[in-house]
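Please open the model in your viewer and keep the sequence panel beside it, so that each selection can be followed in both places. The tour goes from stop to stop, and each stop says what to select and what is there.

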Amino acid sequence: WPTLALGWLFNVLERGLASLQRVDEILVAEPEICDAPDAVDHQLAGDITIAPVDLIVSRDNDAQRFALRDLALEFKSGEKIAVVGRTGAGKSLLFRALLRLVDVPPGMIQFDGVDIRSIKLAALRRQVGYLSQEPFLFGRTIREVLQTGIGPMADDALAGALQRAAILDEVQAMPRGLDSRLGERGVSLSGGQRQRLMIARLLLTNPKILLFDSPLSALDFDTADTVRRTLEAFAGGRTLLWATHRLERMEWFDRIIVLSGGQIQGTGRHQDMLELEVYRSLYERQQLKRAVGSK
């Protein structure tokens, strides 16, 4: 038995050291994107200017390349903009650049005339509300997930946000309600539930700029309509960029931008954009999907 116990101890020790080495690589890693020495805590007003500079990002040893090319855009505070395009058009890369999740050339992106590289990362991301099409959830309780980065909030406030995101009934039906544990990456929830939970969390914040990257892609049409109305009301006087494949209520947007291959193919109001073949085909396909789904 002493020999067996010693062998077991060495096995556990080696496994622990291997795990510690992987954790240590993360703990000692230096961020590639960090604050400039003269970065300021700028309060965003909502104006965004993108200069016509190329941005190319490679991933997986150049197996995948994403690019924005000569993308000159200007958004005024309070504008509601739809960013439309097929998969790989550059919508998500545009949003990542606006959040400075990828570094951009100096002067490419400005908020209220201030270079994005001159704004503190914490200040920028605190004032920009972002909804990803693939939300990430920690393996915590629903209450803790909603309060991540926000701080403790009353149950009434949490329930109100869940109600507006059309998920309160499903949370209340869980054995422990707000204290139900989700599992890592929200494994115990469906894709639509994860999206709505992240929408509820956004509704508890007060951002100046909103970036929505296909936030309703996993919802059925009826639920998506309900949540869309909530998000439209929440947008209020905020600057909104909404990347979408679902071309619903496009008349609501002040402007529609069509991207293809990282370049602008057209911009204008909904009726004007129907003359553009790539936009018209996306719109007609969406109408067909909705007609089939309603039967």
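Between which helix and which strand does the loop that holds R100 lie? Select R100 and follow the chain to either side: R100 lies in the loop between α2 and β6 (109–111), where helices (H or I, at least four residues) and strands (E, at least two) are DSSP runs, numbered from the N terminus.

Before going on, note that this is a predicted model, in which local features need pLDDT of at least 70 and side-chain atom pairs count only at pLDDT 80 or more, while totals for chains, interfaces and linings use all residues. Residues are numbered from 1 along each chain as its sequence is written, and side-chain values use heavy atoms, with hydrogens and water left out.

**The whole chain**

Zoom out to the full protein chain, which contains 10 helices and 12 strands and whose C-alpha trace spans about 80 × 50 × 40 Å along its principal axes. Of its 295 residues, 43% count as buried; here buried means under 20% relative accessible area, exposed over 50%, and partly exposed in between (1.4 Å probe, protein chains only). Among contacts (heavy atoms within 4.5 Å) between residues at least 6 apart in sequence, 71% join residues at least 24 apart.

**Two residues with positive phi**

Most residues other than glycine have a negative phi. Return to R100, where phi is positive, near 55 degrees, and where the residue is buried, with a relative accessible area of 3%. Next select D112, in the loop between β6 and β7 (114–115), which also is not a glycine and has a positive phi of about 55 degrees. D112 is partly exposed, with a relative accessible area of 25%.

**An exposed proline**

Is P37 buried or exposed? Select P37 in the loop between α1 (2–28) and β1 (48–50): P37 is exposed, with a relative accessible area of 91%. Add S118 to the selection, and you have two residues that are 81 apart in sequence and 8.7 Å apart in space, C-alpha to C-alpha.

**The largest pocket**

Now select L99, L101, Y130, L131 and S132, which lie nearest the centre of the largest pocket among its 44 lining residues. On a 1 Å grid over the protein atoms alone, a pocket is an open set of points with protein on both sides within 12 Å along at least five of seven lines, a cavity is a set where a 1.4 Å probe fits but cannot get out, and lining residues have an atom within 4 Å of a point. The volume of this pocket is about 1400 Å³, a volume being the space filled by probe spheres set on the points, which are joined across faces, edges and corners. Its lining divides into 19 nonpolar, 15 polar and 10 charged residues, where Ala, Val, Leu, Ile, Met, Phe, Trp, Tyr, Cys and Pro count as nonpolar, Asp, Glu, Lys and Arg as charged, and the others, Gly among them, as polar. Among the elements that each supply at least two lining residues are β3 (64–68) and α7 (191–203).

**The second largest pocket**

Move on to T244, H245, R246, Q286 and K289, which lie nearest the centre of the second largest pocket, lined by 15 residues. The elements that give two or more residues to this lining are α8 (221–235), β10 (239–244) and α10 (277–293), and the largest share, 4 residues, comes from α10. About 270 Å³ of space lies in this pocket.

**Helix α8 and the cavity**

Select α8 and look along its length: at 1.5 Å a residue, times one less than the number of residues, its 15 residues should span 21 Å, and its end C-alpha atoms are 20 Å apart, which agrees. The helix is followed by G236, whose phi is positive, near 45 degrees.

Which residues line the largest cavity? Select L216, F221, A224, D225, R228, R246, E248 and R290, which line it, with α8 giving the most, 4 residues. The volume of this cavity is about 40 Å³. Finish on E248, in the loop between β10 and β11 (255–260), which is buried, with a relative accessible area of 10%. E248 touches F221, R228, Q286 and R290, not counting residues up to four places away in sequence.
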